[in-house]
Amino acid sequence: MHGGIRKFAPFVLDLIQNGKSVKLSARLATTAGTAAVITLVFATSAEANWSSSITAASVGFESRRWSDELYSQIQFTDCHTGGVTKSTDVRMWRDIPLQPDDAYDGKTFTACFGGGTSNGEWTDLGSGMKNVYFKIEKIAGMTVGPQLTVNSVSVDTTKADG
């Protein structure tokens with residue numbers, strides 16, 4: 001028998017392909033499992049609380065997007081520019097497809113230079129907003145020039161941290 005259906009049972013279908021029995025249910029399970037993993041990966045990209053780093057970012061750098069819960073806190077720890085720069089300006093934004101994005105107030109981070117942590121808090125964001133992000137607006141007060149590296153970036157949308 002070169003090819004064809006060998007037996008049929010609910011949710012199980014054995015096929016003969018090139019002399020080998022292949023369970024169709026196993027292929028379906030693998031496909032469904034792969035789809036679930038892909039869905040999970042995309043679902044976590046809008047996660048509310050996250051940590052990362054920034055390497056050699058220029059003015060205009062945009063962070064990944066997240067969902068907000070009325071409050072967002074951004075912390076930069078251990079900032080470097082390769083020079084004597086002692087500040088970076090960060091602004092919160094909301095990404096609106098096919099329209100100009102909404103801008104919120106900006107913060108100037110200085111404490112992270114020299115190994116410390118700079119903290120910015122935004123409390124004027126709408127409940128349940130999606131696609132919130134921050135953008136580097138200035139480095140050393142300039143809109144062009146140095147690049148910024150931040151060893152630790154954290155975003156937290158829960159004010160219950162004390």
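The side chains of R65 and E62 are joined by a polar contact of 2.9 Å, and R65 also has a polar side-chain atom that lies 3.0 Å from the backbone oxygen of S63. The residue at the centre of these two contacts, R65, is found in the loop between β4 (50-57) and β5. The coordinates described here, and throughout what follows, belong to a predicted model.

From this loop the reader can move on to strand β5 itself, which covers residues 72-80 and includes D78. The backbone at D78 deserves a look, since D78 has a positive phi of about 65° although it is not a glycine. Elsewhere in the chain, N131 likewise has a positive phi, near 65°, and N131 too is a residue other than glycine. Whereas D78 is placed in a strand, N131 is found in the loop between β8 (117-122) and β9 (132-139). With a relative accessibility of 32%, N131 falls into the partly exposed class, because that class takes in residues between the 20% limit for buried and the 50% limit for exposed.

Strand β5 is also the place to see how strands are put together, for β5 and β8 run antiparallel and are joined by six bridges. Within this pairing, I74 stands opposite G120 of β8. The side chains along β8 alternate between two faces: S118, G120 and W122 point to one face and are buried, while T117, N119 and E121 point to the other and are not buried. G120, the residue opposite I74, therefore belongs to the buried set, for which the relative accessible area is under 20%.

Strand β5 takes part in a covalent link as well. The structure holds one disulfide, and this disulfide joins C79 to C112 with an S to S distance of 2.0 Å. The link of C79 and C112 is left-handed, with -105° about the S-S bond. Because C79 lies in strand β5 while C112 lies in the loop between β7 (102-109) and β8, the pair ties together parts that are 33 residues apart in sequence. As for exposure, both C79 and C112 are buried.

Taken together, these features can be followed along β5: the loop between β4 and β5 contains R65, the strand pairs with β8 through six bridges, D78 within the strand has its positive phi, and C79 in β5 is tied to C112 in the loop between β7 and β8.

Conventions
Residues are numbered from 1 along each chain as its sequence is written. This is a predicted model: local features need pLDDT of at least 70, side-chain atom pairs count only at pLDDT 80 or more; totals for chains, interfaces and linings use all residues. Side-chain values use heavy atoms; hydrogens and water are left out. Helices (H or I, at least four residues) and strands (E, at least two) are DSSP runs, numbered from the N terminus. Buried means under 20% relative accessible area, exposed over 50%, partly exposed in between (1.4 Å probe, protein chains only). Two strands pair if DSSP finds at least two bridges between them. A disulfide is a pair of cysteine sulfur atoms within 2.5 Å. A polar contact is a pair of N or O atoms within 3.5 Å; within protein, one must be able to donate a hydrogen and the other to accept it, and residues adjacent in sequence count only if both atoms are side-chain atoms.
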